[in-house]
Amino acid sequence: MALEEQSAPNPWGAYLDVNCKRCRLGDSVRMTPVLFHTDGAGFRYNYVWINGGWSNGNWETTLAKTGSYTTDTSYEFTPPHPGTYDLCVDIFPPDGVQFTVQRRLVVYEDLLSGKIDRTGIEDEEPVISVRDVSMIFNIASERYGSLKEYFIALMRNELTFKEFRALDGISFDVRRGEAFGLVGTNGSGKSTMLKIIAGVLDASEGVCDVKGTIAPLIELGAGFDLELTARENIYLNGSLLGYRKEFIDERFDDIVAFAELENFLDMPLKNYSSGMVARIAFAIATITEPDILIVDETLSVGDFLFQRKCERRIQELIASNNVTVLLVSHSIDLVERICDRVCWIEKGEQRMLGDALEVCEAYKALQ
Amino acid sequence: MESSEIALGESQAISARDAWYPSRLRDIFILRQLVSKDFKLKYRRSVLGVAWSVLNPLLMMLVMAAVFSHFMRTNDPSIGNYPLYLILGNTAFSLMNDATNNGMRSIIDAASLLKKVKINRYVFPVQKVLFGVVNYAFSLVAIALVMLFFRVPITPYALLLPVAIALLALFCIGLSLFLSAASVFFRDVIHLWSVVITAWTYATPLFYTVSILPDWMVRLENFNPMYHYITFIRDVMLWQTLPSMTTVLGCVVSAAISLAIGTYVFKKFERKFILYI
């Protein structure tokens, strides 16, 4: 929660409560400033929403509308456009200095499930629990690709290693149903973290505890064989993810329909574009309801229509409140739109952990 | 939960949350899918397709029989039907050759997958051996054709053939596990192995009999696992006798040692694979 954003002074521990953090176009949004240690008598307010900055012209304040501060303790409005909204309330105590509380809100054009109710997510059990994880690689100062070189070095006692910390003391919890993002510049250790969570790499130090099934998106060249047809690849890939054969049989048509492959089912995959392969990968990974869905850059090869479709499917899974989505992307907008919380890893160190909008804001400031 | 059900349309028998196999069954399904993948790939776009699995050992046998027939018959008349002698040895040896060669590369080839998905790593070398066994099953057709052509009778002893193949497969699994692990760390193992295989081909009585070997070589053959496997197979298929105790023991012990070393090395180092592939 964005509790830290108020401007001083804030003698009442006030914060802005909004009935949803993300909503669909057409939903109404209610802002309620919450105050402690006061009954609120004599307080007056100015409610403000801004869509995409003042200069954009998409903003409204109750002060400008009615010409005076209001005594209403909450305010409801319907966002006219999709996008990011800054919601602010200027609070005027009867005998004090004015202060402001604010929140961010994202409004989607279409969101199948409507408002995503995130209440209670804080109480869910963690499905991924990362405790002080470090990953140390021993980089041989020279690379020994052959036995001969290796033994010569061994004999001469020249086997030296440089220690490289790819991750250093990372800690976070991801709760069931949460959408969690990992951001960071290239080579900062995101992929290493993802490998540790996926269970293919063991952390050098610390504990990474993961509960439940994991469905990663398998990219071109990994679980796919170019010579095989799409049909054969769906079964191959499904088996590698551990799906039951009967399950694949049953959902085969759904997978094909989602990936929009109806006419190309029996064509070898080598005739497909990489975007089409990404579609199959996404369709296979998301046809189930895994406990954890790992979404990484592979998504970005699809065209914008498919990307939107994928995003919607991810939203659906998030909305089910059963699926934990782990998103790694360079598209900071996507992370901002989808994730609840974000961990920013920079050069192997945990730079920031918290609310998606806050962390993304800070991350963007880096550039 | 509800929303995804709606999105997927009609209600389905298996819910999206129960889509997974328990771990044992998962490996079996993966093995089956991978073997069928290899099989499809091997014969895709070839006109004769599976027939090659039969033709290949037959052609090999024809060439070798033409070259060595006369030489061998004068040296050791007890050899029996020489073409059958050849094909039985060649097919068994090439099972080992294919299985270990493919198994050795299997971990390196699955690199991109192993970096992403948590799969029991042993399935890859094991799968290559199973694929070798499937191919061997096809070459049995070639063997049957040869027996039919030369009117070599088939006897109940032939029922022991699956035992020999199973032991040989276990032997190959052990070897493949060891080689796949070793080749991850040192790629030269791949080159080295091709030299070993060539030497092994000549060291094994594939086209000659042990009777033409000097004494010290005959004693050494007892330490050649392939000699035991091939003798076992020839005993039950060509000479129609029960394999000797030494032969059976040789087969079992080789398989056991190979499996023990293979699994030990593989288990010990498999966690480090990802750092080297």
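These exercises, each with a worked solution, concern a predicted model with chains A and B.

Residues are numbered from 1 along each chain as its sequence is written, and chains are lettered from A in the order in which they are written. Local features need pLDDT of at least 70, side-chain atom pairs count only at pLDDT 80 or more, totals for chains, interfaces and linings use all residues, and side-chain values use heavy atoms, with hydrogens and water left out.

**Exercise 1.** Find the mean pLDDT of chain A and the share of its residues that reach 70 or more.

*Solution.* Begin with the term itself: pLDDT is the predictor's confidence in each residue, from 0 to 100. For chain A the mean is 82, and 89% of the residues reach 70 or more. Next, turn to residues 1-7 of chain A, where the pLDDT is below 50 and the model has 16 contacts (heavy atoms within 4.5 Å) beyond near neighbours in sequence. Finally, residues 111-115 of chain A also have pLDDT under 50, with 17 contacts beyond four places in sequence.

**Exercise 2.** Describe the contact between chain A and chain B by its residues and its buried area.

*Solution.* First take the residues: chain A contributes 54 and chain B contributes 42. Then take the buried area, which is the accessible area (1.4 Å probe) that two parts lose on being put together, summed over both; here that area is about 4500 Å², and carbon and sulfur atoms give 56% of it. Last, look at single residues of chain A: A:Val200, A:Leu240 and A:Glu289 supply 15% of the area that chain A buries against chain B, more than any other three residues.

**Exercise 3.** Decide whether helix H3 of chain A is mostly covered or mostly open, and follow the chain just past its end.

*Solution.* Helices are DSSP runs (H or I, at least four residues) numbered from the N terminus, and H3 of chain A spans residues 190-198. Of its nine residues, seven are buried (under 20% relative accessible area, 1.4 Å probe, protein chains only), and the helix is thus mostly covered. Among the buried residues are A:Met193, A:Leu194 and A:Ile197. Just after the helix, A:Gly199 takes a positive phi of about 85 degrees.

**Exercise 4.** Explain why A:Leu334 counts as buried, and place this residue in chain A.

*Solution.* A:Leu334 counts as buried because its relative accessibility is 13%. The residue lies in helix H8 (residues 332-338) of chain A. Leaving out residues up to four places away in sequence, A:Leu334 touches A:Glu311, A:Leu327 and A:Ser329.

Notes. Buried < 20%, exposed > 50% of the residue type's maximum accessible area, 1.4 Å probe, protein only. Helix = DSSP H or I, 4+ residues; strand = E, 2+ residues; numbered from the N terminus.
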